[in-house]
Structures are given as C-alpha cells and as structure tokens.
Amino acid sequence: MHTHYAARTRAAWLRRCLHGLLGAAPACVFLQAIAPAHAQQVDPREIQSRSDCLAGRFQAGADLLARMFAETGNANYIYNQGRCYEQNGKFDEAILRFREFLRTAKGLSAEEKAEVDGHITECQAELDKRLAPPPPLPPPASPPPPSPATGGDVATTQSRASTDGRGLRIAGIVSGSVGAAALVIGAIFGISARSIANDVAADDAQHRYDRSKDERGKLFSNLQWVGYGVGVAGIAAGGVLYYLGNRADHAPASGSVSFLPVLSPGGSGAVLQGRF
C-alpha cells in the first residue's frame, strides 16, 4: 500500500513537471519574440525634432528630420517634415514635403495616400485664403443733394462775385482812361505854360508887362501839375481795380474796395481804401 502510494505520488509529480514545462514553453517563445522590440530604443533626435516643431522652431525641426532621412532613407521623416511645416503655417513648404513623401515612399496603402492627399488639400485651401484678393470696398456714399436754399445761396454768391469782378474791371478801365486823358491835358497845359513864359520873357526884354498873360501862364502851369497828378493817380488806381476784378472772378469777394480822389493845393492824388 505504501509502495503503491509512493509510486502514484512520483507519477503525479512527473505529470506536474511535464505540465509546467509545457506551459512555460509558449511564454519563453513570446519573451524571445518581444525582446528585440524592447531592446530597440527610440532615436532621441526624433523627440528633439518633434519638440522643435511643436515649440515653433520649425526650421530646426525640419533640418534635423532632413539629416535623419539622409542617414536612414526612411520616408517617414519627409512626412514628418510636412507635418512640421503645416503645424507652423508654412503651407507652401508643407505641400512640397507631402508630395515628395508620395513620390519617395514605397508600398503605401490607399488609406495612407488618401491621408496625405487630405493634408495637401487643407494646405492648399489655406494658401488660397491668403492669396485671395481683399473684398472690394463699398462705393462711397453720394453726398445729399443741396437744398434749394443752399443751392440758391451758392448761386447768388457766385453771381455776385462775377458781377463784382466785372464792375471792378470796368472801373479800372475807366479810371485808367481818365488818368491817361489827364496826363495828356497836363502836357497840353505844360506846353501852353512854357509858351506863355517865353512871351512874358520877350515882353520883359522890351520893358513891357502884360498882367493877364502872366496870370494865365501861372494858371496853366498849376493846371499842368494837377493834370499830371490826376493822370498818375488814375492810371495807378485803374491798374489796381482791374487786378482786383480779375481776382474777384476766381474767389468770392469778402470785402469792399473804394477809390477816393484827393485834391490839395500842392497837387492831387488818390486814396484806395478797402476791406479784405
């Protein structure tokens, strides 16, 4: 009985060992299969490039990815360049990298190609928004039509300015003409005064004296200078009035001008008064 029990005990122990070995074999095979995956470490440059792109240092991240592609020939680094540019708003560079990825990568599935094409479409849409011309500005609002009162005031002011300018020019022409005539009259009186003075000198040589002739000579001499004074003043005033008339046609008159002749015992002249 004891021997039979011991034999059964040994048989059960052997069965347990066999079962343990059979159960451990798949585990050993699984550990051998995943060991290389755990042994393979992530390239720290991939982490650095991802960090640069997310932090806005897209050029540094893209340059690092370019070096990694040159070393390994892995087209995924080109795709990551496109994503780096896309995340930082460099849509034209992103489109170039995505298209290069489609050209370089081998064995892409239809779903992968569709995903890359979707990125290209989104980047192109953003570029179109930037390049689209700005909307046209609304046309300027037309000014309200002038009220009858305002229009009448403007027309009256312009008409008054035109009338004033024409009147000043006419007054200038008249004044200049009067001045020129006065100069001619003054010259005539001067010639007459000199002629009478010569006659008086001849009479003195013959010891004769004609009082009326002497007084007439003095009168003509005085009228000569009066004519000269009035003539010069008239011509000067005429020029000023004509100039003001031309000026009044181009700008509304804001004042008044008056011409006052002045006569004095010592001569004659004119005073131009005005408010501007």
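Glu-86 has a relative accessibility of 12% and therefore counts as buried, since the limit for that class is under 20%. The model in which this residue is described is a predicted one. Glu-86 belongs to helix α4, which comprises residues 76–87. Leaving aside residues up to four places away in sequence, Glu-86 is in contact with Phe-91, Ala-94, Phe-98, His-119, Glu-122 and Cys-123.

The helix that carries Glu-86 may be considered next. With 12 residues at 1.5 Å a residue, α4 should span 16 Å, and its end C-alpha atoms are indeed 16 Å apart, so the expected and modelled values agree. Besides Glu-86, the buried residues of α4 include Tyr-77, Ile-78, Tyr-79, Gln-81, Gly-82, Cys-84 and Tyr-85. The buried residues of this helix pack against four helices, namely α2 (44–54), α3 (58–72), α5 (91–104) and α6 (110–131). Just beyond the end of α4, Gly-89 adopts a positive phi of about 75°.

Helix α6 is one of the packing partners of α4, and it merits a description of its own. Its 22 residues, at 1.5 Å each, should span 32 Å; the end C-alpha atoms of α6 lie 31 Å apart, which agrees. Buried in α6 are Val-116, His-119, Ile-120, Cys-123 and Leu-127. Because these residues cover an arc of only 95° around the axis, they are placed on the same side of α6. The other side of the helix carries the exposed residues Ala-110, Glu-111, Thr-121 and Lys-129. The buried residues of α6 pack against α4 and α5. Two of the buried residues of α6, His-119 and Cys-123, are also among the contacts of Glu-86.

The discussion now turns to charged pairs. The structure contains 6 salt bridges. One of them links Asp-43 to Arg-45, with the closest N and O atoms 3.1 Å apart. Asp-43 is partly exposed, at 24% relative accessibility, and Arg-45 is likewise classed as partly exposed, at 27%. Arg-45 also forms a salt bridge with Glu-71, where the closest N and O atoms are 2.7 Å apart. Since Glu-71 lies in helix α3 and Arg-45 in helix α2, this pair ties together parts that are 26 residues apart in sequence. Glu-71 itself is exposed, having a relative accessibility of 53%.

A further salt bridge joins Glu-100 and Arg-103, whose closest N and O atoms are 2.4 Å apart. Both residues are in helix α5; they are 3 residues apart, so about one helical turn separates them. Glu-100 is partly exposed at 22% relative accessibility, whereas Arg-103 is exposed, with a relative accessible area of 58%. Salt bridges with shared partners, by contrast, connect Asp-43, Arg-45 and Glu-71 into one network.

A nonpolar feature of the surface completes the account. Ile-170, Val-174 and Val-178 form a nonpolar surface patch, and together they have about 240 Å² of accessible area. Ile-170 is located in helix α7, which runs over residues 148–205. The relative accessible area of Ile-170 is 40%, so this residue is classed as partly exposed; that value also satisfies the requirement of over 30% for membership of a patch.

Note on methods. Residues are numbered from 1 along each chain as its sequence is written. This is a predicted model: local features need pLDDT of at least 70, side-chain atom pairs count only at pLDDT 80 or more; totals for chains, interfaces and linings use all residues. Side-chain values use heavy atoms; hydrogens and water are left out. Buried means under 20% relative accessible area, exposed over 50%, partly exposed in between (1.4 Å probe, protein chains only). Contact means heavy atoms within 4.5 Å. The expected span of a helix is 1.5 Å times one less than its number of residues. The arc is that of the directions from the helix axis to the C-beta atoms. Patches are made of residues with over 30% relative accessible area and no salt bridge: like charges are joined within 9 Å, nonpolar side chains (Val, Leu, Ile, Met, Phe, Trp, Tyr) within 5 Å. Accessible areas come from the Shrake-Rupley method with a 1.4 Å probe; for residues, only the protein chains shown count as cover. A salt bridge is a side-chain nitrogen of Lys or Arg within 4 Å of a carboxyl oxygen of Asp or Glu.
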